[in-house]
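Subject: Handing over a structure, with notes

Dear colleague,

I am passing on to you the structure that I have been looking through, and I would be glad if you could read the notes below with it open in front of you.

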Amino acid sequence: MSGFAIDPCEQCEELLQPFLDRDLSDEERALAEKHLDGCAYCRKRYRFEAQLRRFVRQAATEPMSPELKTKLAELRTPLI
Amino acid sequence: MGETAPETEARRLAEDARDRVRFEEEALELADQVYRVARRMVSSREEAEDLMQETYARAFRSWRSFQPGTNLRAWLLRILTNLNIDRGRRVQRAPDTQPLEEGDYFLYNKLEESTQAPNPDEERVIERLSQDDAVSALSAVPHDFRDAIVLVDIGDFSYNDAAQILDIPVGTVMSRLHRGRRILKRELAERAIVDGGDAT
């Protein structure tokens, strides 16, 4: 089986989400890394989640227009 | 010989002006990053641009309430989030009640099915999605969940910063992220199905 069927590791999601978001203590991170080392299922899930986040982030990023940049700069308090 | 009262006052005004100019420059340097988040919190570019101008106008007016040394980007986004709510721009939807029993891997399995190669790696699987799929799927996520995703995934904020910006507990940020990402994946999977696996 190459895909994901029934989740055999559901409890790990609580650890994986903050791990992906880099929001764990050193101790928790070590625990997550140890689990990923030994669990092929979660490793695959982690790689997919990380790639997906990167993809969404890139796809959803739209640069600010130069016109808006100028308008914001014009909001500055005039120097007397 | 000490300074006269007018000299002291002139010095104070000059220092005040210098601090204000510095604040405004620092805030403007962050505008690209603030816009990146603002753009995905509202549905159109026009709305995002209006919101940015209102945010910066307010920030420049109330610059004294910013505490130097704290996170200016988070402070600006707190203003932006409040303005977005205050102005009633958010079309409030009923909470998302659609079941998510299909699990977290529905999207992966769906994309993998449409990939020709056997046992494709994760990168190949993601390539089945288009940029338009990502943008429209994100905008289909209800606001409360989307705001958390946008702040953490696009704005790179910590759970703590996101909690302060949204004025909710950290645990709520985490649960909104969890549910929001599931909704996002469901929306992406629906688009992948509509595209018939032909996304490029």
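What follows is a short account of what was found, going from the contact between the chains to the inside of chain B.

Please bear in mind throughout that this is a predicted model.

**The two chains**

Where chain A meets chain B, 28 residues of chain A are in contact with 38 residues of chain B. On the side of chain A that touches chain B, the elements that give two or more residues are α3 (40–60) and α4 (66–74) of chain A, and of these α3(A) gives the most, with 10 residues. Sorted by class, that side of chain A has 12 nonpolar, 6 polar and 10 charged residues.

**The domains of chain B**

Chain B is assigned two stretches as domains, with domain 1 covering 5–86 and domain 2 covering 106–194. The centres of these two domains of chain B, taken over C-alpha atoms, are 29 Å apart, and the domains touch through 10 residues of domain 1 and 12 residues of domain 2. On the domain 1 side of this contact, α2 (31–41) and α4 (72–86) of chain B are the elements that give two or more residues, and the residues of that side divide into 4 nonpolar, 3 polar and 3 charged.

**One helix pair in chain B**

A pair of packed helices is described by the angle between the axes and the distance between them. For α4(B) and α9(B), the latter being residues 159–166, the axes come within 8 Å and cross at roughly 35°, and the crossing is right-handed. From α4(B) the contact takes A74(B), L77(B), R78(B) and T81(B), and from α9(B) it takes D161(B), Q164(B), I165(B) and L166(B). By class, the residues of this contact are 4 nonpolar, 2 polar and 2 charged.

**A mostly covered helix**

How much of helix α8 of chain B, residues 143–154, is buried? This helix is mostly covered, since 9 of its 12 residues are buried. Among the buried residues of α8(B) are the run from A148(B) through I149(B), V150(B), L151(B) and V152(B), together with F145(B), while D147(B), D153(B) and I154(B) are buried as well. Just after α8(B) comes D156(B), which takes a positive phi of about 65°.

With best wishes

Conventions
Residues are numbered from 1 along each chain as its sequence is written. Chains are lettered from A and ligands numbered from 1 in the order in which they are written. This is a predicted model: local features need pLDDT of at least 70, side-chain atom pairs count only at pLDDT 80 or more; totals for chains, interfaces and linings use all residues. Domain bounds come from an automatic or database domain assignment. Two residues are in contact if their C-beta atoms, placed from the backbone, lie within 7 Å. Helices (H or I, at least four residues) and strands (E, at least two) are DSSP runs, numbered from the N terminus. Ala, Val, Leu, Ile, Met, Phe, Trp, Tyr, Cys and Pro count as nonpolar, Asp, Glu, Lys and Arg as charged, and the others, Gly among them, as polar. Axes are lines fitted to C-alpha atoms, for helices over the stretch in contact, and angles run from 0 to 180 degrees between N-to-C directions. A crossing is left-handed if the near helix is turned anticlockwise from the far one by less than a right angle, and right-handed if clockwise. A residue is buried if 20 or more other C-beta atoms lie within 10 Å of its own, exposed if 12 or fewer, and partly exposed in between; C-beta atoms are placed from the backbone.
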